[in-house]
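Me: Here is a model I would like to go through with you. Please justify each label as we go.

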Amino acid sequence: MKLITVGTDVVFEDKSSNVASREWTFVGGDISTSTEKEVTVNYADEGTFLAKLAVVYEDGSTQNNGFNIDVYPEVIADFTASSTVALQGSKIMFTNTTQHITSAFDDSKLLDGYEWFFEGGVPESSTLANPEVTYAGLGYFSVKLIAKRQAPYYIDENLKEDYIFITDVPSIAPAETRLRFLGSVIELTYTEDLKPLTQAEKDLVSVKINDAAVDIASIDVDSNDSKKLIVSLMTSASEGDNIILNINAGIVSKSGTPLSPLRSQPIENTIVNLYKELNPSFENGNLGSFPTDWGNWNPTAGKNNPESYAIGNTVVQDGNKSLEIHLDGTSQNWILDSKFATTELSARYRFSVWAKGTVGKIDLDLRAVTPNWADVQSIAAPLTTEWKEYVIEFEETNENLNRKYWQQLSSATTQTIYIDNVSLYRID
């Protein structure tokens, strides 16, 4: 097979005659080279990878041949509904959000498709990409989607149990859901005032992060806004985590209106390091080189000199690499700055850097600055010989809506400074 899905084995067989020796080369495979006649290779990443065979025949002649293996990602079946809570007889539109469904060839694309199953729905099944369904009964109903890609062949299915709740009593859904305080709080805003929840009502709320249940520290109505329900988590979400909220039927507002049950309700994960594309953990790039996609350093007029600033792997705070800054004890104002990242006006941010020194007791001047230095958020970090996190929190008030990382070192001693995991997160 030359067209496969991630994780598939490919069996290579040399059918040459009168072979004295051979060497296979597999780019992207779990085996990089082999001299065997038959080799099984697994491809764990998507992409196009060259497989090559070099043969030496018994008469001393040679021959090379090669071809590409095209590796496609797995199909991920998923969907959303226009509403997961509706009145009896209402129509619900289902939106297909399946990923990687399109086949490699035009004729195969005609066989790509979907199959829906709607418990209690009319229709009960559908092959449309985005069907519309009516529910006549009351209660919770499950929905299943099967997605099939023909080339390379792959099927995935997604069953959301008790996903749709049909009621004959009007209820109120949250007008907004937000993840706050670096993933430790889910905030739901309703259109009516809420009353304090009883323990029985609190027990109706559950949260999963990456399909694992997490403990809830507290559930309370916001003391400053009675339309907001605050769910505080014992385990904070991190960047890229999948967060799901469930609220069973049984909670009512202050006026007695039922709150809409939420089944497998995704909470948008707003935790994104604005410096994410700037290689903030220095994991990208070769050892001993200036960090890839970073910026510049001074005082050499923007020249990125790896003799002074270089990626290393002997001392790290996290991951496999960090930035090493080699101070010579004579030069002053060792300056490093990054490219810009876009912020949002009036939003709150947390600027964080991990650092340490081989000697310590010097100040590392850290700043989150806007273009032309119109606004500067800074901290003087007294370095120690142990890894320490240095943090600045601020509200964005500058209308340029751009921030870059800037640092300056001044030292009369010869030593090495280590920098790792530079981040700028929105925290409100």
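Me: What share of the contacts between residues at least 6 apart in sequence join residues at least 24 apart?
Reply: In the protein, that share is 65%. Contact means heavy atoms within 4.5 Å.

Me: What kind of model is this, and how are residues numbered?
Reply: It is a predicted model: local features need pLDDT of at least 70, side-chain atom pairs count only at pLDDT 80 or more, and totals for chains, interfaces and linings use all residues. Numbering runs from 1 along each chain as its sequence is written, and side-chain values use heavy atoms, with hydrogens and water left out.

Me: What makes the protein more spread out than a compact globule?
Reply: Its radius of gyration is 29 Å, well over the 22 Å that the globule rule gives for 428 residues, so the label holds. The radius is taken over C-alpha atoms, and the rule is 2.2 Å times the number of residues to the power 0.38. The C-alpha trace spans about 75 × 70 × 35 Å along its principal axes.

Me: Why is Arg350 called buried?
Reply: Its relative accessibility is 17%. Buried means under 20% relative accessible area, with a 1.4 Å probe and protein chains only. Arg350 therefore counts as buried. Buried residues make up 43% of the 428 in the protein.

Me: Where does Arg350 sit, and which side chain does its own side chain meet in a polar contact?
Reply: Arg350 lies in strand E29, residues 348-357. Its side chain pairs with that of Glu389 at 3.0 Å. A polar contact needs N or O atoms within 3.5 Å, one able to donate a hydrogen and the other to accept it.

Notes. Buried means under 20% relative accessible area, exposed over 50%, partly exposed in between (1.4 Å probe, protein chains only). Helices (H or I, at least four residues) and strands (E, at least two) are DSSP runs, numbered from the N terminus.
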